[in-house]
Structure formats: C-alpha cells, structure tokens
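Colleague: I haven't seen this one before. Can you walk me through it?
Modeller: Sure, here it is.
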Amino acid sequence: MNQCRLRSLVRMRRWGTDHHILARLALRSIQTSSRLDGSAQDLDSFASGCSASYIEGLYNKWKRNPRSVDVSWDELFSGNERTKRHPIRSTHPRKYRRPPVERTALKARLGERTASGGGASPAPSAPPSDWKNIDDHHTIQAIIRAYQSRGHLAANLDPLGIVGPQKTTSLDGSQRQAAREVLRQHYSYIFGDLNAMFKLPSSTMIGGDEEFLTLKEILDRLERIYCGSIGVEYMQINSLTKTNWIRDRLEKPGGLDLTKDEKKLILERLTRATGFENFLARKFSSEKRFGLEGCDIMIPTIKEVVDTATNHGVESILIGMAHRGRLNVLANICRKSIADILSQFHGLKASDSGSGDVKYHLGVFQERLNRQTNRMVRITVVANPSHLEHVNPVLLGKARAEMFQRGDTNGSKVLPIIIHGDASFSGQGVVYESMHLSDLPNYTTYGTIHIVSNNQVGFTTDPRFSRSSRYCTDVAKVVMAPIFHVNADDPEACIQCSRIAADYRNEFKKDVVIDIVGYRRNGHNEADEPMFTQPLMYQRIRKLKPCLLLYAEKLIKEGVLTDAEFKGMVANYDKICEDAWTKSKSIKSIRYSSWIDSPWPGFFEGRDRLKLCPTGISTDTLKTIGNIFSSPPPPEHKFEMHKGILRILALRKQMVQDKVADWSLGEAFAFGSLLKEGIHVRLSGQDVERGTFSHRHHVLHHQSADKVVYIALDHLYPDQAPYSVSNSSLSECAVLGFEHGYSMASPHALVMWEGQFGDFCNTAQCIIDTFIASGETKWVRQSGVVLLLPHSMEGMGPEHSSGRIERFLQMSDDDADVYPDTCDADFVARQLMNVNWIVTNLSTPANLFHCLRRQVKMGFRKPLINFSPKSLLRHPLARSPFKDFNECSSFQRLIPENGPAGKQPDCVKKLVFCSGKIYYDLFQERDDHEQVESVALVRVEQLCPFPYDLISQQLEMYPKAELLWAQEEHKNSGAWSYVQPRFDTALLKNENESRCVSYHGRPPSSSPATGNKVQHKNEYKAIIKSIFGELTPENKKRLEDKIKEQQAKAKANSGSKPTPPAKGGSSPAGKGDSAGKKRSGSAPASSIAPTGPAPAAAGPAPRKPSISYPSRPPRGESAGKKRMTSAPGMDSAPQDSAARSPSRNPASPAHDGVSPSTRDESLARRRPGSAPAPSPTTTASAARTAPPSTASTKSSTVRSPSKLEFIKRKPSRDPSVSKSKTQKVPQETPVDPTKPEP
Ligand SMILES: Cc1ncc(C[n+]2csc(CCOP(=O)(O)OP(=O)(O)O)c2C)c(N)n1
C-alpha cells in the first residue's frame, strides 16, 4: 500500500462514489478476505474495496503515530518491506477471511452479469472477480432482506387458492414462489448457480449453527419460512431488538417444530371447534348463529394464546369480539355450559328484567382452571352490540381498569384479546382510533393480541371492493405491530403464530396481530345464499374438505394418531354436545344476569340499593382540599410556575378564604373528597388537564423542565386513592368507549369523560347508543360513567353550542305519560335506579359537587350525562358558598325560586321553569325588567329522571301563575320536547288544574345555533321579550342610571374605561381571555381570571352585581329588602343558614333525600287523603287553551294533552330489589356538622 493507492481511493470518493457504501465494502472486505498475503494484487483488490475516507483517516493517524493503528494497518501503510517480513495471514489469520466461493462459479456468474449488463463497474484497478464477490454477497443479503420484508407477498395464505402466489421455475427445476414482487431487482439472481456457497450475514438466523450455505439452501429455507403458510410483516418495526426477536423465532431451524402431543392437541381442539358448529347446524339448521366454518382453527388459535399467556403468568383474559364464532368461543374457550348456550335457542322467557340481546352478542365471565397449564384463569367475553368493532375500546378500557385494580403495572396479569372480522377491521374507523390508544401512558393495555377471523368476505362484499389496502390488517401498522398472516387450513402454522404472538406480547408488551386467512363455508349467516354474490368463490368452497378432515388425514399419514382414534375424538365431543342438549331441554327459563360480563362481587350483596347516602362533607375537608388545590407545589419541589397560574391559584386561595367556590373548585371538592374516601377518580378527554376553557389546571407544568408536572389532587391525603387526569388522543369514539369500559370494571371509581364541546359526542354516538344508553337493559351491566358535555348558546356557532340535550333525553326510558308513585319513601332512589341514565344540566358548583359524589354514593351505578357549562365556569353568580357543600346539604334536583317571588307565591304572575345557563340570563333580565316579585324562576337541574314530585310542588305553590318553559335552544333541541309531555303528566294529575306550559325559546332549526353574533343576540332578545315583555321607559331609565353608576365606580377604582355589561350569554367562556372578559353579571373580587395572553385582571373592571337579593330568607320576611352581593342561592351570612335550611323553608324542598323534614312534608302531602291519589288510568278529557303569551314570540306553543296513564311505579330493573319495598325511612341520617370528620 502506498501514497499512490491512497490517492486513488481518495479520488474514487471525489468521483462521487458514495463513501458510506465504500466503508461498508471495506468492512465486508476485511471480514471476508481470506487471503491478504501481501501480494500486490490482493492489496490492490483489498484497497479498492475499502472506504477511501476511512483509510485516509487511518493513514493520517498512522502518519502521526504508527502505533496508534492496528499492527495490520501499520504493516499495510509501511509498505511491502515489512509485509513481506510478516505476512498478515500468518499473524492475523481470522481478520481477513474470504468465504470459500468457487472461482469457476464466480466467473460464470460474472460472465452472465457482464453479458446482461448488470452490476456496478469495478474500480479501474480492481480485478473484476473481487468486485463480483462483494456484489454477490450483497445480493444474497438483499435477497434475504427481500424475503424478510416482502416474503409475505408470495406466501401461500389463501386456502381457496384465489389469491395465490405464482410459481417460478429455477435453473435446477425447483419451483419457487418468490416472484418479482418480492425479489424485485434480484429476481433474475435465483436463476444463477444455486450451488454457490455464501457466508450468511448477521441479519438472518436461517443458518442456525452453520455459517455458510449454498444459494439453493438459502432460498429453500427462506421460502419455507416466509412464503409458506405464514406471511409475516414485521420489518416495519423500527426496533432492532424486536425484529431480531421475531427473526430468531421464525428463522431458527427447528424453532417452529411441534411434538406429536402438541399436534394431537391441536386436532382435539379443532374437533371441538368444528364439532360444535356441526352440532348446531344439525339441531338448528335455519337459526342464525354466525358459524365459524372455514375459520374453525380460530378456536385452537385462541386457546393456544390462552395457554401461552397463562404460562407467562396472565390471570385474566378479556376477549372482545363480534358475532362470528362467538358461541364457539363461549363454549370452547370460556367453557360456558353448552346446555346454557343451547337454551338460548329454545326461545325461553327471561326470569329477570331487561330487554336481553341476541345470543351471539352476550357476554360471559368464567373463572376456570386451565388444565393445560394447571393455572386458574378468568376469561371474560365482553357483551357486544351489532356495531362492529366498537367493543374494542370498551374492552381496552375494561382491561386497563382491571390492571389498575390488580396493581398490574405492566400488563403481566391481564391480557386483552380482540377478534376482528376482515371487512370490519379495515373498514371501521374506531379500529384506528383504538389502536392509537395502545401506547399512551394513561390508556395503554401493554399490548393487545388481535386475531382476525378473515373469511375473505364481508357480508356480500369481497375484499377488492371493501378496502384499498392489500391486507385488511394494514391499520395495525400505525403502531408497528407485527402481523402474522396465516393460512387457516394449516393448523400448525396457526398455532405457531399464536405462540409467537403471545410470547411477543409478553416480551415487549406491544400489540400484535394474527390474521387467520380462511373462508366462510356458509352465507353471512346460515340462512343466507352466498352463491347470489360470490358464485365462483363458493364453487371452490363446495369442493373443499373441512380443515379438520385435512389435518386429521395429515396426522394419520404422519402416524401421529390412527383413524380410529380420530373417530373416537369426534364421537366423544358429539356425545358432550348431545348430553348438553338433553340437559338444555330441562331449562325452563333463562336469566339475563347469568350472561353478565362484569360482575361486581360484594358490591350489591347486603346493600340497600335504595339508600342514598349523604353527599355533603365537612368544612375541614373543604378547607384542606381547597388549600392544597389553590397552592403551588411546596418549595422543596423547586417547581417553576407560570405567573398566570400563580395568579389563578391566588384567586382560588382567596375563594377558599371567602368560603365560596366557583366551578373548578366545586369540581375539585368532589374529586378530592372521593379520593379521600378511597374512590379512584379518573378524568379523561381532550385537553381536560387544563380544561378546554382554561378553568381547571389540574396538571401544572414546570416552566423550564420537560415532563415535570404537579397534580395537586394527588397530594391531598397520604392514604388517598389515585387520581388520574389525562388529555386523551383526539378521538371521541374510542376514548369514550375506553372510559365506559373502564367504568365497567369496578363500581368503586368515578370515571368521567369530558367532551371538548358538547356535540363532539356526535362522533361517539355509537358508544352512547349501544353501550351507555342501553347497556344495562341489554346486558344487565351497570356503569356509572359520567359524560361532561359543555353546552350552552354563547354565540360561538352551531357545533360549539350544543351538547345535544334532546338526543340524550329522547333516549332516556322514563315514561313521559306515567306519573310515578311519588309517595314512595324511596321515590328518588327508585326513580334513579329504574331509569337508563341520569341527565342533568346543573347551574351551581355545589350541585355539580353533590351530583358527582352521588354517582358513587348510590347503591347502584347509573351513567350520568351532565351538560357542563361554559360561561358559568367563570360566571360571578355561578358560585356556591361552602355551606352548600357541607353535611347538611345535598343534591338539588330542582332549585326553586328563593327570591321575593318565592316568598309571595300568590302574587306571582309567571312561573318560569328553565334549566342550565339561561337561568342566569333570566335572573338578570328579570331584574332589568323589574319583575322580581311577579316572576318566579325555577331551575330543573335534573332533567332525567324527571323530578315529578318537585315539579308538582312548584305547580301547587304558584296556583295563579302562568306556566312557562324557557330555553335558549331551538324548539326542536334542548329539553322542551322531553319536558313538555312530562309537565302535562304532572298537571293532569291534579284534576283541578287547567293550565299548561308554554314554550319560550328559539324557533325550530336544523342547526343547533347561528354562527352570526347579531342573529344570536336578536334571537336572545326575542326570547327575553316573550317572557318579560319590552323594557318600560322606567326600566330603561333605571338601567341607564345603573350603568352610569357602575362606570363612575369603575373609573374611580381603576381609571380604565369599563366595558358595558354583556347580556344574552355572548361568548363569555372561550378558550382565551377575551371570552372570559365578556361576561354577563359581575365579577366579585374573588373571581377567577382566565388565563391567556391578557388575563382578566388586566382587562376592564369587572361589573358589580347588578342586582342584590336575599337568598332564601325565612318565609314571611319582606321580600326584596335584604341585600347581599352573592349569587342567588348563596349566602355568606352565617345567621341565615338556619333560616335557609330546607326543613325550615317550604319553598326549598329540593335537597334530595337529605332533609328528612322535606321528605316528611312531601310524604304528608302525598298521603291518602292529603292529596289526590293517582288513578291507575286517567284520560285527559278536556283540551286546554294556552294562556295568553306576554309578547310576540315566534315560538311559543301549546301541546294538546295526549292520553295519559297513571300507574304507581315502573317495575324495578333490578331484580334483587323487592317491588313491595315502599315504606323505607328516608335514606340519610343527618350528620352533626359540629363533629369532627371521621
Ligand atoms: C358498524 C356496522 N356496520 C355494518 C354492520 C352490518 N354487518 C354485520 S356483519 C357485516 C359483515 C362483516 O364482515 P366481516 O367484518 O368480514 O366479518 P364476518 O361477518 O365476515 O365474519 C356487516 C356489514 C354492522 N353490524 N356494524
């Protein structure tokens, strides 16, 4: 080696030759050169294959210090002299070994290549044979890589042979599957000298202990592994550890071999799978069962996963699946009694309540000994609606919750398995959404095993028309899951895949997919004719032997078992089915509850389900939570805070000192107190950590350190339950499904999903309809999941305005025409228990607090849909004093009028019922219109179940008032269509009643709200006018004076120009600051400033309350005299508390079930003789006329009463609750507030 050679190498690089390639060539040359003995030619050839820059670097180093490089380089650079004295081969025999390539073969190949013009031109001075040698090795490496990456394209996956690889004949006459699609530019290479020997690169394990293989052997092995019955996609995984792991499992010679016993076991399981379908087909030939025939191997495949996973220590396996093969899974995986399954075919009546579901949707929960592994395993198949794939997130949520409960922090105890159909896997968006949860810290299930029962058809549509991707599983590549496609007619390959998949999940805790490619022997269901649409496919299918027979023949041929043994196996299972059939005939009724997938042992037992426990908490607890929630992290955390957050915390702290709570504090009190009581609280949804409207700030971020956060609610009490708050992926369907699943796992958790804006729940509609609204009715399964859906018209456009109250109310199943038995002492709890869900539109932080706590204090679980406010998050009037949270307080289903009008009900001209944010608008407008004594405002906080008892009380209390329903939504939206018939029912109960309720809201519209602010305001004005009429000149004068007075005060206070008060709820709660500034009402000193570029503190002076108003004074006190600066219903003067106690104030009976006196009062009025007893069936005879409307409203309306029914009570949906249970004492024992907290 000399300067001249080096210069030539450097020149090579400058010519543009990629020096990285050269470096690789150099290294390869060093590894493989077996003969670097000092001859000029070998040195040349060696150098010409080296990286010029690498050698140049070494050379420069050597020039500075010859000892700084390896002795071999020293010898090389020193020239021939020393090389001659110390031949490299003798001193370093291992360093430069060339693989034993036959020279003749090389020459032949070189000739071929040169003739065909292929191959790179060698460096001018290198002998062509060495370049060829390097090139050949690269080609072999590329071929190996081609099989690894694309071998699946030529795999033999389709048992029908429709999608089959084309065979190619090699030079030696052997048939090869690897087509151009796989080998691409290396395709022609397989026609070369197949006996040539190559050293195997480290990127393959096909050699096992052998370092060198002939080309033929390399190709044979690769074809067997990658183009046989398994086609694996794994090279998309960007982790070398994982790809190497898979390579190792697939490629190692003998790694996939099965023993005779294992083969026999597969056959036995296959016999059961096929035997079960055959048996059902025989007995119920025309019944829909969505059989598995054609993919029968799915059962042994799942079973193998169960075995392998339990061997790894998994204790609970959760399965989510659709219709196909479901009964088979119940029978042969869960080992649900076959007699019970067959009884579903007998058309029996259910002995418990509910609607039930078709047999191929039912869930099961089985705890059994897995005989194969001798370990106990719990197997759950989650009940499933018709809507394909939507069970996926539900299952994942349930699995995650189970992990949480077991303290399983890495998924080693709980395994989710999802079984998909091929068409639905690729077609349903929820699959993609769910996949994206797989690696998110608060949603991961540490790997899910996906099994596709791929029968190559979806109903009547074949894959060419149902997807654009090659495989139905391509969606799984978004999470880099390895995907094993496998021919369903090769049982051993299927089992090998399931073993690898279960091991992979155990090893890496990541998703993995097994795509079992089979066919569907019958139509979509057993009554369908598949030849209508798939004639050619079904001609083939008719000719195919079932997989069971094919495999049995194979094993008999191999001598694994005899024909007689196989027949015995079949007969044996048939007998099991026949015996179960006989047993099933003795079953006379079914119980929906025996198909429950989420039993809650210990929750219902010994519990009085109708007991509503108190929800109030002590002031000490409020203070503790309030102080921690309003404090920055302790100094020892050295946590760098955002200044805006510090301001927010300071304002929070001020509120705690003032003993008043805004929305976020009320919410924190609910969460914190439950955590204290050991209830796990979980809040999930888009941007919930801060809160879309920047009001929550549960997760504080260190301003100069990444991923350092502080969650105050995690630091309340040393023994508190864990709090989980997490921003979710931008998905509604999967995330809501996940949270619903999470809530199913245990009753001892408060699980909430918050929509960013209410009607984004549109994109989760399927979960809402099929799981949340109807889950309990169909599957006897309870869930206390909470949906928080921001709702209200703030002039923010259609989608951001509405949480679609009307839809939830329309789906609720309390009967609009039946007046319930409100005399029942347990009326409130029974009504809650019997309804499918609770719908609330709350207006105070305290009511939110009680409502959330009630969720876990009830003796049953019920979904709660709460329409959360937007502007009320910061509305100065939407605040609650601490006393509304204490032990004497409780949830108010209805908040009655507490002002002057409530004190003199006989003088009230209008009784306005409303719900949610509009109350605050009406409150303000009533003041502006100076009608505080003539108009009573009543808030219906709980819309469903409808508080008939409290509504009736209000109707009775204001006998002369005109009745109005006010809503800001359009007439076909909001609660009107729900409340109207219920008001009628309540009114018709009283024979002397001739009034009805008129509508005051926006006219009907197909859009939830206008996007035009002017229109929004005009619509608002029309509503106000229809309720209060025009402002009189006196009203206007008073208002002007008030504004002037405020402006003067503001000027005196801040010197800045005040913003005129905004009414009509225009944009008060946007994400940023501007929204927060535009508030109707006033902002007391303690109001929370919105965060954002310009906090409210820096904005215009907040408006003072425009109305002062006594809150619930004792009856008889002159109305409207006492003044206070807090919100209605809020009182900071301690001496008033007794006066405002519900027991002392007949006008405020709404504290549910906590005030015994209220209850007594209500009962007294309902006792026979004291109130008209509800007649079983009453027909409304007289049509009523509407009371005159106060103003020219476009939209007021009167409903003609329909035929209404009065029955005593709906049957309980809970079988364990005795229907005759009526005289229970009201639930709560009032707690002594003076006592310290336990
Ligand atoms: C969301 C949804 N869309 C449509 C249907 C109607 N449907 C029921 S089964 C089926 C075909 C499903 O095909 P595939 O996923 O391949 O499963 P297979 O029935 O073939 O096992 C269709 C379209 C449904 N149940 N759910």
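Modeller: This is a predicted model. The chain holds 42 helices and 30 strands.

Colleague: How much of the chain is buried?
Modeller: Of its 1238 residues, 60% count as buried. The accessible surface is about 47,800 Å². Carbon and sulfur atoms own 52% of that surface.

Colleague: And what share of the contacts links residues 24 or more positions apart?
Modeller: 80%, taken over contacts with a separation of 6 or more.

Colleague: Let's zoom in on a sheet. What is the strand order in the open sheet of five strands?
Modeller: The order is 23-25-24-27-28, with mixed pairing. Strand 23 (894-895) and strand 28 (997-1002) are the edges, each pairing on one side only.

Colleague: In which sense do strand 24 and strand 25 pair?
Modeller: Parallel, over five bridges. Strand 24 covers residues 910-914 and strand 25 covers 935-940. Leu911 sits opposite Ala936 of strand 25.

Colleague: Which strands does helix 35 touch?
Modeller: Helix 35 (residues 918-928) packs on the sheet against strand 24, strand 25 and strand 27 (962-970). Its direction makes about 170° with that of strand 25.

Colleague: What about helix 36?
Modeller: Helix 36 lies across strands 23, 24, 25 and 27. It runs at about 160° to strand 24.

Colleague: How does helix 36 pack with helix 37?
Modeller: Helix 36 (948-957) and helix 37 (976-989) meet at about 65°, axes 10 Å apart. The crossing is right-handed.

Colleague: Which residues make that contact?
Modeller: Helix 36 gives Tyr948, Ile951, Ser952 and Leu955. Helix 37 gives Arg982, Phe983, Thr985, Ala986 and Leu987. Six of these are nonpolar, two polar and one charged.

Notes
Residues numbered from 1 in each chain as written. Predicted model: local features only at pLDDT ≥ 70, side-chain atom pairs only at ≥ 80, totals over all residues. Heavy atoms only, no water. Helix = DSSP H or I, 4+ residues; strand = E, 2+ residues; numbered from the N terminus. Buried < 20%, exposed > 50% of the residue type's maximum accessible area, 1.4 Å probe, protein only. Contact = heavy atoms within 4.5 Å. Areas by Shrake-Rupley, 256 points an atom, 1.4 Å probe, with all protein chains shown as cover. Axes fitted to C-alpha atoms, helices over the stretch in contact; angles between N-to-C directions. Left-handed = near helix turned anticlockwise from the far one by under 90°. Nonpolar A, V, L, I, M, F, W, Y, C, P; charged D, E, K, R; others polar. Pairing = 2+ DSSP bridges.
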